[in-house]
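Please open the model in your viewer, with the sequence panel alongside, and follow the selections below in order. Each stop names what to select and then describes what is found there.

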Amino acid sequence: MASFLRSKTNILGLILSLVILSLLVVGCSGPTFQGWSGFAEQEGVLYFGGIDGRVFAISLEARSQNLTFPSQGEWVFNIPSVGTPGTICGPACAPATPRASVYATPAVLGDLLCVGIYGGDTGRVVAINRLAPGYNEGVPQRSKGEWTYPTGVNSIGAIVGTPVNVNETLYVGTSDGNLYAIDAVYGEKKWAFDTGGKIWTSPVIDGGVIYISNYQKKLFAVSSVDGSQIWNIELPASIASSPAVSADTIFVGTFDNNLYAIDRATGKERWNFKGGNWFWSTPVVKGDTVYAGCLDNRVYAISASSGQEEWQFVADGPIASTLVTTDSLVLVASEAGNIYMLESGTGNMVRSVDLGSPIMAPLLADNNIVYVHAGNLCVYAVDVQSGQTVWEFCYSNNN
Amino acid sequence: MVDIWNTIILEPVLNSLIALTNVLGGSFGLAIIILTVVVRLALFPLTVRQTQSTKAMQTLQPKIQEIQKKYAKNQQKLQQEMMKLYKEAGINPLGCLWPMLIQLPIWIALYQSIMQALGATPESLLSLSQHLYSWAAIGHAIPLNEQFLWLHLSRPDPNLILAILVGGTMWVQQKMVTPPATDPRQRSMTNLTTTMMPLMFGLFTLSFPSGLALYWVVSNIIGIVIQYFVSGGWGYLRAPSVPKPATAPAPAPTQKVILPQKAPTVQPSKMLQQASEESKTIKKASEEKKKGLFGR
């Protein structure tokens with residue numbers, strides 16, 4: 001009996017240990033975050049946060065000539081770490097160094113590049129001299145105008161939504177529920193507005209009013225001057241997408257699979273459109289049409305005034321990346337790695353390009369080239385007219 | 001394979017948890033506790049069978065020792081005789097593993113569900129969208145509130161409270177079912193197992209999301225309660241760690257079916273009969289339960 005029980009316990013122990021160890025491997029890696037930063041383009045240079053936790057400046061000219069990186073005007077910057085070891089993984093398997101990542105598209109302000117950092121529980125805004133980064137071991141070089149908010153070892157909530165720069169003030173929403181207005185020149189807080197819920201979306205600013213949503217189902221209109229609330233509304237479900245603003249309407253996607261049109265002045269609902277999954281990416285408004293990518297693998301073109309569907313296009317994967325429009329095309333990327341070029345009036349596909357890697361980052365279109373930041377740590381420049389990849393830049397730890 | 005796992009295991013657990021959270025006023029911690037109770041209730045027949053099977057095997061102890069002594073030098077024959085003995089007594093020696101084995105996929109699914117449902121990172125929230133049923137209650141509940149008591153359910157408990165609870169309840173549960181060994185070598189092995197497993201799980205608790213550790217604690221407590229009522233007491237928990245007579249089977253103070261000190265003098269056939277009777281009782285109870293469930 002004893003030996004039987006012992007052998008049985010041993011078998012059980014072995015099985016349990018194997019399962020627990022495999023779980024531990026997953027558990028010890030903690031919740032994985034990589035980031036999916038889009039691009040800020042200024043004077044022929046693309047700025048973006050890499051999936052490996054670095055910020056890059058790549059010259060369009062140097063990349064088109066396939067010069068060795070970094071070439072003239074190019075650089076790579078290691079993000080200063082935020083948070084403390086063990087906060088993600090737990091005390092039993094604390095990572096050696098805390099990781100940081102970039103989801104937010106960087107914002108350019110004069111010679112500064114403002115980057116929102118995601119560090120799991122914590123975050124920070126860093127302003128880098130975009131002509132020649134002067135940071136030294138994570139400390140900004142004030143003589144170059146660089147700053148970090150907050151300063152020292154302090155941190156704010158993790159940043160996912162893209163910071164917006166208006167009149168030398170940077171507006172950024174964070175996971176701690178605050179919308180911060182930061183002086184973009186000196187890196188000092190002007191004011192903070194507490195929304196009471198995690199913010200993973202970007203603010204939109206128009207006519208002195210900031211529109212920002214949080215995960216407590218609320219959409220706020222806030223004065224950009226002093227952060228005072230103008231109105232707020234509560235939607236039936238949490239808000240998944242960043243708001244898009246047209247003349248008099250705000251469009252947001254929610255976790256109950258709806259795209260809502262909200263009156264800008266009053267905050268009243270005008271219409272809602274039901275999709276097959278979440279409208280995660282930011283809708284794009286052009287004329288009287290709202291183009292919205294959905295995680296049900298579809299792109300919808302919806303009348304902005306009536307909420308009626310104009311057309312839909314079925315992609316080969318969920319659409320998490322914010323689409324872009326050109327004169328006559330809608331450019332959409334799927335998580336499956338395809339770029340679709342659709343006629344904006346009909347939704348008919350003109351051509352598609354398979355990049356073979358998941359795309360979550362927002363697209364950028366400029367001069368008939370669409371720039372794509374893919375999950376395989378590569379940036380692609382694709383000619384919209386021909387569908388040809390003009391150049392690609394793959395970064396790794398070696399670069 | 002991944003799709004099958006997601007469809008059959010992950011998505012039902014994930015969506016049940018989210019729907020439960022919505023029903024329970026947004027408390028994800030309560031949803032985990034309710035799910036644990038449901039899982040343990042579903043496994044209740046197996047757990048009872050395991051407990052009773054263990055009890056039945058305890059009655060075979062003297063006979064097993066006799067066989068071990070007799071065929072000490074012939075391992076093959078020893079195994080044959082042991083299997084023969086179990087067969088005659090109507091006991092499946094691996095039957096005790098099933099409740100634990102069945103729970104393993106649920107652990108893994110629960111771990112994945114907690115990480116996804118709480119959307120700890122943008123990636124996990126995005127991934128969650130692909131595993132949700134199109135129920136209105138689900139969409140309105142996302143994203144979930146990860147706060148429960150002092151815990152952030154997607155993160156390990158920074159205090160030692162949950163680790164102690166996991167380790168402690170597991171130790172109690174193991175102690176209740178593990179008889180003290182007579183052989184010093186076996187005793188040290190048994191002690192190692194009963195101490196190491198709770199210790200290991202206690203350490204794991206420091207690394208895993210506290211939501212999963214909450215499942216372990218509740219599951220262990222339910223296990224202890226079942227063990228208490230089915231076995232009729234605290235089992236070997238209150239027994240001395242080393243039985244006084246080296247050859248006698250371990251006494252279990254509250255387990256009346258175990259034959260104490262005089263066990264070696266009982267006729268083997270009588271013991272087999274007793275074990276068989278216990279096994280028959282289990283089968284009978286199981287059949288009656290089946291009739292109750294399906295016989296209408």
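## First stop: a helix in chain B

In this predicted model, begin with helix α5 of chain B and select Gln76(B), Lys77(B), Met83(B), Lys84(B) and Lys87(B), which are exposed on the other side of α5(B) from its buried residues. Next add Met82(B), Leu85(B), Tyr86(B) and Ala89(B), the buried residues in question; they cover an arc of only 95° around the axis, which puts them on the same side of α5(B).

Now select the helix from end to end, residues 75-89 of chain B, and check its length: at 1.5 Å a residue its 15 residues should span 21 Å, and because the end C-alpha atoms are 21 Å apart, the expectation and the model agree. Step on to Gly90(B), just after α5(B), which takes a positive phi of about 70°.

## Second stop: another helix in chain B

Move along chain B to helix α11, residues 210-231, where the 22 residues should span 32 Å at 1.5 Å a residue, and the end C-alpha atoms, 31 Å apart, agree with that. A glycine is again worth selecting here: Gly232(B), just after α11(B), has a positive phi of about 75°.

## Third stop: chain A as a whole

Switch to chain A, which has 2 helices and 33 strands, and in which buried residues make up 49% of the 399 residues. Among its contacts with a separation of 6 or more, 43% are between residues 24 or more positions apart.

Colouring by pLDDT is a useful next step, since it shows where to read the model with care. The average for chain A is 89, with 87% of the residues scoring at least 70. Among the elements of the chain, helix α1 (residues 2-28) has the lowest mean pLDDT, 55, whereas strand β24 (residues 298-303) has the highest, 98. Select also residues 84-97 of chain A, over which pLDDT stays under 50 and for which the model has 29 contacts beyond four places in sequence.

## Fourth stop: strands β2, β3 and β4 of chain A

Select strand β3 of chain A, residues 54-59, of which 5 of the 6 residues are buried, so that the strand is largely enclosed by the rest of the structure. Strand β2 (residues 45-49) of chain A is joined to β3(A) by 5 bridges and runs antiparallel to it; to see one of these pairings, select Val45(A) and its bridge partner in β3(A), Ser59(A). The hairpin of β2(A) and β3(A) has 4 residues between the strands, and in this hairpin Gly53(A) takes a positive phi near 85°.

Then add strand β4 (residues 75-78) of chain A, which is joined to β3(A) by 4 bridges, again in the antiparallel sense. Here the residues to pick are Arg54(A) and its bridge partner in β4(A), Asn78(A).

## Fifth stop: an open sheet from β10 to β13

Select the strands β10, β11, β12 and β13 of chain A, which form, in that order, an open sheet of 4 strands with antiparallel pairing. At its edges are β10 (164-166) and β13 (189-194) of chain A, each of which pairs on one side only, and the twist from one strand to the next averages 20°.

Within this sheet, look at β11 (residues 169-173) and β12 (residues 178-183) of chain A, which pair in the antiparallel sense over 5 bridges. Selecting Gly173(A) together with Leu179(A), its bridge partner in β12(A), displays one such pairing.

## Last stop: the sheet from β26 to β29

A further open sheet of 4 strands in chain A has the order β26-β27-β28-β29, with antiparallel pairing, and its edge strands are β26 (324-325) and β29 (349-354), each pairing on one side only. Strand β28 (residues 338-343) of chain A pairs with β29(A) in the antiparallel sense over 5 bridges, and Asn338(A) has Asp354(A) as its bridge partner in β29(A).

Finish at Ala336(A), in the loop between β27 (329-333) and β28 of chain A. Is Ala336(A) exposed, partly exposed or buried? Ala336(A) counts as partly exposed because it has 17 C-beta neighbours inside 10 Å. Leaving aside residues up to four places away in sequence, Ala336(A) touches Asp316(A) and Gly317(A). A distance drawn between the C-alpha atoms of Ala336(A) and Ser357(A), which are 21 residues apart along the chain, comes to 6.6 Å.

Note on methods. Residues numbered from 1 in each chain as written. Chains lettered and ligands numbered in written order. Predicted model: local features only at pLDDT ≥ 70, side-chain atom pairs only at ≥ 80, totals over all residues. Expected span 1.5 Å × (residues − 1). Buried ≥ 20, exposed ≤ 12 C-beta atoms within 10 Å, placed from the backbone. Contact = placed C-beta atoms within 7 Å. Pairing = 2+ DSSP bridges. Axes fitted to C-alpha atoms, helices over the stretch in contact; angles between N-to-C directions. Arc of directions from axis to C-beta. pLDDT = per-residue confidence, 0-100.
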